[in-house]
Amino acid sequence: MHRPEHLVALLSDLQPGLRTPTFNADIFEARLRQWASAIVRLREIHAAERDISKLYIACGGDFVEGYPDTRRINLAELDVIPEERRVLDTLGQKRLVQRLITEALVYLSGYFKAIEVIGVYGNHGANRSRTASARSNDDLEVYLGVADCNRNPSISFHIETDNFWTTFQVFNIRFLLAHGHQVTMWTRTPLYGIINKTVLWHQVLPAPFDAVLMGHFHNLNRLDAYGTPVYVNGCFGGDSEYEQARGLKATLAQWLIGVHPDYGIVWERRILFS
């Protein structure tokens with residue numbers, strides 16, 4: 001009998017309020033459903049040889065497309081909710097994401113005996129008021145709203161409201177989860193900064209960790225920071241004016257990782273959006 005494995009799904013950079021030639025709220029909704037379906041399909045493939053009963057969903061932030069300064073909003077990139085015929089503002093995004101994440105959890109709970117949701121905030125949902133706390137963030141409101149609506153005892157939540165980072169244990173692997181906006185880019189690439197920051201976090205953060213999960217850069221990557229694996233998530237929508245102006249190209253994908261109780265991280269899959 002094979003020993004059980006657990007899955008870790010990194011979910012970040014949803015930003016459903018963004019509208020580009022290839023992305024809007026309808027496409028976001030379809031991709032979130034595709035994300036949940038892909039997890040189930042990959043579980044079924046791997047469960048043919050081993051027991052997979054628990055799913056960790058690591059929410060890495062930027063669940064909304066924030067608009068900190070209305071004078072700088074690109075009106076062409078504000079999406080409209082079809083049924084309401086109005087701009088998909090921050091409140092509309094939070095309602096939409098809360099509903100869809102809740103539906104996804106209900107769907108996934110039919111395939112996993114236990115689901116644990118872990119969350120940290122990103123930068124797009126930050127309250128840019130000079131007097132606002134760094135913890136005043138739309139991501140946290142989304143996470144806590146989903147948790148408040150949950151009535152399934154097999155689904156638990158750990159939402160970090162005090163720090164930009166948190167850790168969680170999956171068998172013998174402790175994951176560090178952070179959004180990633182703490183990393184500085186050089187020459188429009190974050191790779192050196194990610195490795196450098198990982199090394200520094202090992203020195204200064206009070207909790208040890210074996211692997212890092214982050215988003216923010218909209219570009220799927222798997223790095224080795226002197227022995228520490230770092231998973232950098234993609235995003236749900238790309239081709240924005242911001243990316244094009246800076247010569248950046250988004251990866252429309254999210255990470256799914258398999259963890260074994262004896263061997264640690266044993267496989268990783270890219271959930272690619274069509």
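Trainee: How do helix α2 (residues 90–108) and helix α3 (residues 138–149) pack?

Mentor: Their angle is about 40°, and their axes lie 9 Å apart. Axes are lines fitted to C-alpha atoms, for helices over the stretch in contact, and angles run from 0 to 180 degrees between N-to-C directions. This is a predicted model: local features need pLDDT of at least 70, side-chain atom pairs count only at pLDDT 80 or more, and totals for chains, interfaces and linings use all residues. Residues are numbered from 1 along each chain as its sequence is written, and side-chain values use heavy atoms, without hydrogens and water.

Trainee: Why is α2 called oblique to α3?

Mentor: The angle is about 40°. Under 35 degrees counts as roughly parallel, over 145 as roughly antiparallel, 65 to 115 as roughly perpendicular, and the rest as oblique. So α2 is oblique to α3.

Trainee: Which residues of α2 and α3 make the contact?

Mentor: From α2, T90, K94, V97, Q98, I101, T102 and L105; from α3, D138, E141, V142, G145 and V146. Contact means heavy atoms within 4.5 Å.

Trainee: What makes β7 (165–170) and β10 (221–225) edge strands?

Mentor: Each pairs on one side only. The open sheet has 5 strands in the order β7-β8-β9-β11-β10, with mixed pairing. Strands (E, at least two residues) and helices (H or I, at least four) are DSSP runs, numbered from the N terminus.

Trainee: How do you know that β9 (residues 211–214) and β11 (residues 228–232) pair?

Mentor: DSSP must find at least two bridges between two strands. β9 and β11 have 3, in the parallel sense. They therefore count as paired.
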